[in-house]
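Let's work through a few exercises together, with the structure open beside you. Each one sets a task and then solves it step by step.

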Amino acid sequence: MSNSGSALPDVHPAFTAIRQETIDSLNIRVEQYEHRKTGAVHYHLASKNDENVFLVALRTVPQDSTGVAHILEHTALCGSAHYPVRDPFFMMLRRSLNTFMNAFTSSDWTAYPFASQNRKDFDNLLQVYLDAVFFSRLDPLDFAQEGHRVEFAEADNPDSDLVFKGVVFNEMKGAMSSISSVLWGKLCEHLFPTSTYHYNSGGDPKHIPDLSYEQLQAFYRSHYHPSNAIFMTFGNIPASEHQRVFEDKALHHFDKLSQRIQVKPEQRLTAPLRVQDSYVYDENDATANKTHLVIGWMLGESSDLKQMLEAQLLSSVLLDNSASPLQHALETTNLGRSPSPLCGLEDSMRELVFCCGIEGSEAEHADALEKLVLDVIGQVAADGVSRERLEAVLHQLELHQREITGDGYPYGLQLILQALGCATHYSDPIAVLNLEPVIADLHKQIQDPDYIRQLARQLLLDNPHRVTLVMTPDKQLSTRQREEEEARLASIKAAMGAAEREATVQLAADLVARQAQVDDDSVLPKVELSDVPATLPELTFTELKLLGLPFTTYRQGTNGIVYQQAIAALPPMDDEQLQILPLYTNILTEVGLGEDSYMTVQQRQAATVGAISAFVAMRGNADDEQAVNAHFSLSSKALLRNARAQSQLMHDTLHRVRFTETSRIRELVNQQRARRDQSITGNGHSLAMTAACAGMSPLAQLHHHQSGLAGIRGLRLLDDSLADEKGLQTFAGRLGQLHERLLSTPVQFLVIAEDHNVAEVADVASSVWSQAESGAQSPGFVMPPIRERRAELWLTNTQVNFCARAYPTVPEQHPDAAALTVLGGFLRNGFLHRAIREQGGAYGGGASQDSGVAAFRFYSYRDPRLEGTLRDFDMAVSWILDNRHEYRALEEAILGVIGSMDKPSSPAGEAKQHFHNRLFGRSHASRELFRHRVLDVSLDDLRRVAETYLKPELASTAVITSSGQLAATAALREELGLTVQEL
């Protein structure tokens with residue numbers, strides 16, 4: 001084993017140690033091992049972190065769009081040799097204190113990761129995951145449930161119409177409602193004419209029904225084998241202890257496979273392609289200026305670190321911010337509304353792909369866009385870019401390398417996923433983690449003015465492997481697709497004999513019986529409430545005055561990065577100001593400061609900070625949801641050496657901003673509109689819940705009008721009103737007035753840094769901010785109370801539905817809030833998962849208490865049904881009230897709540913969360929009280945709160961569907977009094 005700077009670790013006898021390397025910038029030691037018998041590889045990221053992470057990945061290289069790898073990922077988790085229960089994955093989700101648990105299907109790998117801070121829990125999950133991956137039962141009924149099946153519309157009536165059903169089938173219908181997914185799939189189809197990336201690895205709903213159970217089994221046998229597996233672990237459990245479990249529970253059963261599964265290199269195009277196609281557009285407005293134009297290049301190998309970072313450097317030079325030449329051209333061109341959502345470098349496949357383009361265009365502009373893009377790249381190839389801009393790009397790379405993340409995925413899992421691509425392609429994943437030597441080499445390379453010029457020529461200008469995609473809107477496409485599906489189903493039915501019809505009825509009955517069966521869950525390992533830590537750790541902080549300014553500081557292990565925030569209580573605002581508040585916070589850091597244009601400011605930001613952003617946080621009071629507390633924050637992060645420049649940039653952003661660059665403001669509103677429009681199908685369940693809750697409290701109503709469906713509609717109207725200069729000038733004036741109002745309130749400051757740096761950073765920040773006049777104390781932010789029912793049906797561009805129902809409840813300090821929070825998990829685990837996902841075919845569904853707005857919400861995600869799902873929400877309430885329930889189910893629901901409460905964040909994230917909790921009156925003591933109340937919830941409490949709050953006469957309903965479903969929902973709309981709302 002080659003060694004880099006420390007003693008060799010212990011290794012299990014079944015494994016060979018290959019090498020290890022310490023990466024100081026990440027505070028980890030990466031160890032590489034190989035299983036002697038099967039050749040399985042194990043990469044261990046040794047760390048002092050007690051949030052241990054496991055992932056096993058299989059190279060999966062499908063040769064069609066049936067979704068075989070994706071359906072297998074789902075089906076493999078439905079029971080295994082040692083855990084022969086119907087749903088061990090979801091059962092373990094609720095028997096665990098995991099901080100992360102999931103499974104992913106990528107374009108060329110399938111991965112099964114989890115994380116936990118509890119050693120007993122980690123060991124439990126490891127055994128279940130290993131058994132699921134390597135000894136899955138692959139029950140045909142699970143394939144029918146998770147993948148696809150045909151069923152009669154009335155399951156026991158063979159004279160009724162046939163329909164397609166299946167969780168993945170409906171999930172991918174939802175995914176293909178997203179224009180970004182459609183664009184990417186179509187671009188890959190032509191960029192990769194011969195390799196696996198030509199196909200939709202998630203599955204195309206047109207082709208998913210072509211997959212047979214036998215094909216699924218064959219794919220499992222050839223791909224789910226240790227010789228094709230990559231094991232990756234992170235944390236403070238030694239590699240040898242993981243290896244002992246790998247060997248005992250799985251690997252010793254296998255011999256080495258001779259087959260080597262890999263993605264073949266794509267054949268290079270000899271000339272650029274132009275492809276025209278269409279996408280579903282079901283909205284009621286005109287199709288003018290709705291075309292997407294995208295240009296994509298296939299570049300070099302993603303597993304070649306030099307090629308990858310050179311492509312990243314060039315991509316950043318061209319697209320990093322609004323001052324970057326290509327990004328500037330795409331934002332300011334009259335050829336389209338805004339840059340394409342596909343702009344950037346994609347490095348997750350064997351070959352790198354660089355994309356750029358515009359949306360809100362016309363097909364006739366394709367030639368002009370190609371000329372614009374190639375001219376900009378040609379200018380970079382001819383003239384290069386300044387050394388300062390290149391240094392700023394490398395500064396961003398360095399900061400990204402240093403930052404300890406973990407506010408979304410666990411930090412260890414993010415590192416593992418960063419390395420997984422290289423391991424998938426039999427390359428070196430350790431090198432891609434240790435970027436500092438490569439960044440240092442790039443610093444040397446950019447000293448040569450010709451370096452970036454050569455990259456622009458070589459990677460893009462002289463590269464014929466280029467595809468220009470023209471995607472036009474088609475209002476008839478969804479109808480044609482629906483008719484094609486109906487015709488296919490009619491053909492299948494016509495070809496059925498009596499025996500096949502009977503078999504279809506029997507399959508539906510067998511599936512219902514299987515879904516209703518109660519498995520012996522004692523075969524699964526579990527943690528118990530006795531394994532839950534008694535208390536949460538409390539962060540320490542310091543409050544002090546520096547040069548008369550109030551500072552709060554946290555000493556956290558941030559790996560040399562400084563986090564600063566300036567916070568002000570929100571003053572009173574009228575409805576118009578509240579409506580534009582999200583746009584104000586988005587625009588504030590994107591426009592000019594003083595004499596500097598926004599382009600100059602963008603360059604200053606790139607050279608100074610890793611990010612700078614403004615946001616407004618609002619919460620209902622802990623004891624009264626009708627009272628709202630709100631604060632404005634300006635937030636940034638930077639390397640320690642830039643702390644003074646960071647503070648000065650923040651100061652100037654607040655005190656020298658100008659809203660006079662009206663064309664820039666117009667572009668930013670355009671871009672925001674495009675982003676919000678694209679978010680609907682991926683975030684439909686949240687938008688439906690927000691709409692259903694809009695009458696519960698003033699904050700719930702504001703969420704709906706700012707960031708919900710009503711907010712999207714309002715943003716569209718505002719964007720349209722800015723088409724003329726007068727409207728634009730008026731809006732810019734409103735932004736300026738809102739800014740002045742915010743400046744009138746006092747500011748306090750938050751600093752998070754390493755123990756030995758925090759005092760110095762706070763001193764520097766105070767010296768900068770002391771230049772500014774402090775605002776006077778103003779009256780507090782208030783909103784009028786509201787408590788009313790809502791019933792709405794929203795129409796948008798989607799192939800699936802999203803359903804929500806909400807009930808008014810209580811804020812978090814109310815004694816019933818804990819029981820309502822536990823009730824959400826209890827209903828999901830015991831009733832909704834089976835009814836909404838397994839039987840109903842939706843990709844997801846559940847229930848939760850939102851104490852911030854005092855509402856209890858039911859929801860479904862990517863759902864083929866409407867009426868049946870709303871009926872299941874009602875039946876869930878009857879189920880909790882009318883049946884006897886076991887303590888074990890209660891314990892599982894409590895574990896779920898505690899697990900989410902105790903989930904760790906990044907060092908900086910934990911400090912920010914702690915500060916803002918205190919700012920909004922949520923002290924550590926109040927959170928501990930709520931935690932204890934959760935642990936004390938009883939089954940009687942669940943019944944009592946369900947009976948008290950989940951009353952039919954109090955319910956509000958919101959659903960999102962397509963205009964094509966309007967006629968079919970007439971009876972439902974009349975029954976529930978749903979008003980039709982259009983975006």
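Contact here means heavy atoms within 4.5 Å. Keep in mind that this is a predicted model.

**Exercise 1. Place glutamine 515 and find which residues it touches.**

Solution.
- Start with the element: glutamine 515 belongs to helix α18, residues 498-516.
- Next, check accessibility. Glutamine 515 has a relative accessible area of 2%, and buried means under 20%, so this residue is buried.
- Finally, leave out residues up to four places away in sequence. Glutamine 515 then touches Arg86, Gln145, Arg834, Glu838 and Gln839.

**Exercise 2. Decide whether isoleucine 898 is buried or exposed, and list its contacts.**

Solution.
- Isoleucine 898 sits in helix α30, which covers residues 887-902.
- Its relative accessible area is 0%, so isoleucine 898 is buried.
- Setting aside residues up to four places away in sequence, isoleucine 898 is in touch with Leu97, Val532, Arg931, Val934 and Leu935.
- Pick valine 934 for a distance check: 36 residues separate it from isoleucine 898 in sequence, and the C-alpha to C-alpha distance is 7.8 Å.

**Exercise 3. Describe asparagine 27 and arginine 862, beginning with the sign of phi.**

Solution.
- Take asparagine 27 to begin with. Its phi is near 55 degrees, which is positive although the residue is not glycine.
- Asparagine 27 is in the loop that links β1 (15-23) to β2 (28-35).
- With 51% relative accessibility, and exposed meaning over 50%, asparagine 27 counts as exposed.
- Beyond residues up to four places away in sequence, asparagine 27 touches Ala46, Ser47 and Asn559.
- For a distance in space, take serine 340: it is 313 residues from asparagine 27 in sequence and 37 Å away, C-alpha to C-alpha.
- Now turn to arginine 862. Here phi is near 45 degrees, again a positive value in a residue other than glycine.
- Arginine 862 lies in the loop between β26 (855-861) and α29 (867-882).
- Its relative accessible area is 11%, so arginine 862 is buried, whereas asparagine 27 is exposed.

**Exercise 4. Work out how α20 is oriented against α21, and how α22 is oriented against α26.**

Solution.
- Two packed helices are described by the angle between their axes and the distance between the axes.
- For helix α20 (residues 598-608) and helix α21 (residues 643-655), the axes come within 10 Å and cross at roughly 150 degrees.
- Angles over 145 degrees count as roughly antiparallel, so α20 is roughly antiparallel to α21.
- The crossing of α20 over α21 is left-handed.
- On the α20 side, the contact uses Arg604, Gln605 and Thr608; on the α21 side, it uses Ala645, Gln646, Gln648, Leu649 and Asp652.
- Sorted by class, the contact between α20 and α21 holds two nonpolar, four polar and two charged residues.
- Move on to helix α22 (residues 662-678) and helix α26 (residues 725-743): their axes are 10 Å apart, and the packing angle is about 85 degrees.
- That angle makes α22 roughly perpendicular to α26.
- Thr662, Ser663, Ile665, Arg666 and Val669 of α22 meet Glu725, Leu728, Gln729, Phe731, Ala732 and Leu735 of α26.
- By class, the contact of α22 with α26 has six nonpolar, three polar and two charged residues.

**Exercise 5. Explain why helix α23 is largely enclosed by the rest of the structure.**

Solution.
- Helix α23 spans residues 684-693, and eight of its 10 residues are buried, so the helix is largely enclosed by the rest of the structure.
- The buried residues are Gly684, His685, Leu687, Ala688, Met689, Ala691, Ala692 and Cys693.
- These buried residues of α23 pack against α24 (698-706), α25 (709-721), β23 (791-795), β24 (802-808), β26 and β27 (956-961).

**Exercise 6. Count the disulfides and explain why cysteine 693 has no bond to cysteine 803.**

Solution.
- A disulfide is a covalent bond between the sulfur atoms of two cysteines.
- The count for this structure is zero.
- For cysteine 693, the closest cysteine sulfur is in cysteine 803, 14 Å away, which is too far for a bond.
- Cysteine 693 is buried, at 3% relative accessibility.
- Cysteine 78 is buried too, with a relative accessible area of 5%.

Technical notes: Residues numbered from 1 in each chain as written. Predicted model: local features only at pLDDT ≥ 70, side-chain atom pairs only at ≥ 80, totals over all residues. Heavy atoms only, no water. Disulfide = S-S within 2.5 Å. Buried < 20%, exposed > 50% of the residue type's maximum accessible area, 1.4 Å probe, protein only. Helix = DSSP H or I, 4+ residues; strand = E, 2+ residues; numbered from the N terminus. Axes fitted to C-alpha atoms, helices over the stretch in contact; angles between N-to-C directions. Parallel < 35°, antiparallel > 145°, perpendicular 65-115°, else oblique. Left-handed = near helix turned anticlockwise from the far one by under 90°. Nonpolar A, V, L, I, M, F, W, Y, C, P; charged D, E, K, R; others polar.
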